[in-house]
Amino acid sequence: MKFMLTIILIGPQGCGKGTQAQILLKNQGLMYIEAGAMIRQRALLHDKKSDILNHIVNQKGVLLPDGIIMDMVCDELDEKVNMNGYLFDGFPRSVVQYHALKAYLEEKKIRLDLGLYIHISDVEAVKRLGGRRICAVCKKGYSIFLEQNRNTCDCGGELKKRIDDEPEAIKHRLEEFHKYTSPILELMKKDKILKEINGEQSIENISFDIKKCLHISDNNLHLDASS
Ligand SMILES: [Zn+2]
């Protein structure tokens, strides 16, 4: 018998969350609840809710109200039951959302196992995001630090810097992270589910550190709650 595993992945943009999420998904069979993608998809449906979403999303720098995002996550969870567990990315983004998620999971008798915080400094985040380039055609991402001489995507598309990755926009997102999301870390610590991972190392080493937190043996899942 396999045990369920429910993880919140948390960290500022540029910390490598997306990459680590893909590795976890491949290995653990978790359902991926990525808030950004979920909101974009939901906004495509033409109904009253999507009108409100589009209105808010189009106002740059405005965070979605907790109630709206929570509604969407609950709908998603109700719809897509997964016995292996869940991986949350980009949600919860505020203390209110964290409490609401905990209450929802409790009601469904799903244990929240782990809060993985991939930590990088603001300086490193600014550096990484500033070096990010996106293909204008297929939207694939590249880093000028990893591939210095690359100007075009594998698909032939031109690589461009997103407006979101200009220094002012990055600074704004980091401020938001510290203001709204960082307080969740304190709550996770109290709940004894927080694990801090050093995000300023190679993808392989980050992944290795995450696996150490999971402690998976053949049939059993043991979480180390000592730190
Ligand atoms: Zn491309």
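Okay, let's start with a term: a crossing of two helices is called left-handed if the near helix is turned anticlockwise from the far one by less than a right angle, and right-handed if clockwise. With that in hand, α3 passes α4 in a left-handed crossing. Before going on, please keep in mind that what we have here is a predicted model.

So, a bit more on that pair. Helix α3 covers residues 48-58 and helix α4 covers residues 66-79. Their axes come within 12 Å and cross at roughly 130°. That angle makes α3 oblique to α4, because roughly antiparallel would need an angle over 145 degrees. Who touches whom? On the α3 side we have Lys49, Ile52, Leu53 and Ile56, and they meet Ile68, Asp71, Met72 and Asp75 in α4. Sort the residues of this contact by class and you get 5 nonpolar and 3 charged, with no polar ones.

Stay with α4 for a moment, since α4 also turns up in a pocket. This is the second largest pocket, with a volume of about 170 Å³. Which residues line the second largest pocket? Going along the chain, they are Met38, Gln41, Arg42, Leu45, Met72, Asp75, Glu76, Glu79 and Lys80. Two elements give two or more residues to that lining, namely α2, residues 35-44, and α4. The largest share, 4 residues, comes from α4. By class the lining has 5 charged, 3 nonpolar and 1 polar residues. If you're following on the structure, look for Met72 and Asp75: they are listed in the contact with α3, and they are listed in the lining of this pocket as well.

Next stop, the two ends of a longer stretch of chain: α1, residues 17-28, and α8, residues 203-214. These two helices pack at an angle of about 50°, with their axes 10 Å apart. That makes α1 oblique to α8. And the handedness here? The crossing of α1 and α8 is right-handed. The contact list runs to Thr19, Gln20, Ile23, Leu24, Asn27 and Gln28 in α1, facing Ile203, Ile206, Ser207, Ile210, Lys211 and Leu214 in α8. The residues of that contact divide into 6 nonpolar, 5 polar and 1 charged.

Now, α1 and α8 also bring us to the cavities. How many cavities of 30 Å³ or more are there? The count comes to 2. The largest cavity has a volume of about 50 Å³. Its lining is made of Gln20, Ile23, Leu24, Asn27, Gln28, Ser207, Ile210, Lys211 and Leu214. Both α1 and α8 supply at least two residues of the lining, and the largest share, 5 residues, comes from α1. By class, the lining of the largest cavity has 4 nonpolar, 4 polar and 1 charged residues.

The second largest cavity holds about 30 Å³ of space. Around it you'll find Arg133, Tyr142, Ser143, Ile144, Glu147, Arg150 and Leu159. That lining splits into 3 nonpolar, 3 charged and 1 polar residues.

While we're in that part of the numbering, have a look at Lys139. Lys139 sits in the loop between β5, residues 132-135, and β6, residues 141-143. Its phi is near 70°, which is a positive value in a residue other than glycine.

There's a backbone detail at Pro92 too. Where is Pro92? In the loop between β3, residues 85-89, and α5. The peptide bond from Phe91 to Pro92 is cis, with omega near -5°.

And that loop leads us to the last helix pair, α5 and α7. Helix α5 takes in residues 95-107 and helix α7 residues 167-190. They pack at an angle of about 45°, their axes 8 Å apart. That makes α5 oblique to α7. From α5, the residues in contact are Val95, Tyr98 and His99. From α7, they are Tyr180, Pro183, Ile184, Leu187 and Met188. By class this contact has 7 nonpolar residues, 1 polar and no charged.

To wrap up, take three angles home with you: roughly 130° for α3 with α4, about 50° for α1 with α8, and about 45° for α5 with α7. And for the spaces, remember α4 as the main contributor to the lining of the second largest pocket, and α1 as the main contributor to the lining of the largest cavity. That's it from me, thanks.

Notes: Residues numbered from 1 in each chain as written. Predicted model: local features only at pLDDT ≥ 70, side-chain atom pairs only at ≥ 80, totals over all residues. Heavy atoms only, no water. Axes fitted to C-alpha atoms, helices over the stretch in contact; angles between N-to-C directions. Parallel < 35°, antiparallel > 145°, perpendicular 65-115°, else oblique. Contact = heavy atoms within 4.5 Å. Nonpolar A, V, L, I, M, F, W, Y, C, P; charged D, E, K, R; others polar. 1 Å grid on protein atoms, 1.4 Å probe; cavity = no way out; pocket = protein on both sides within 12 Å on 5 of 7 lines; lining within 4 Å. Points joined across faces, edges and corners; volume = space filled by probe spheres on them.
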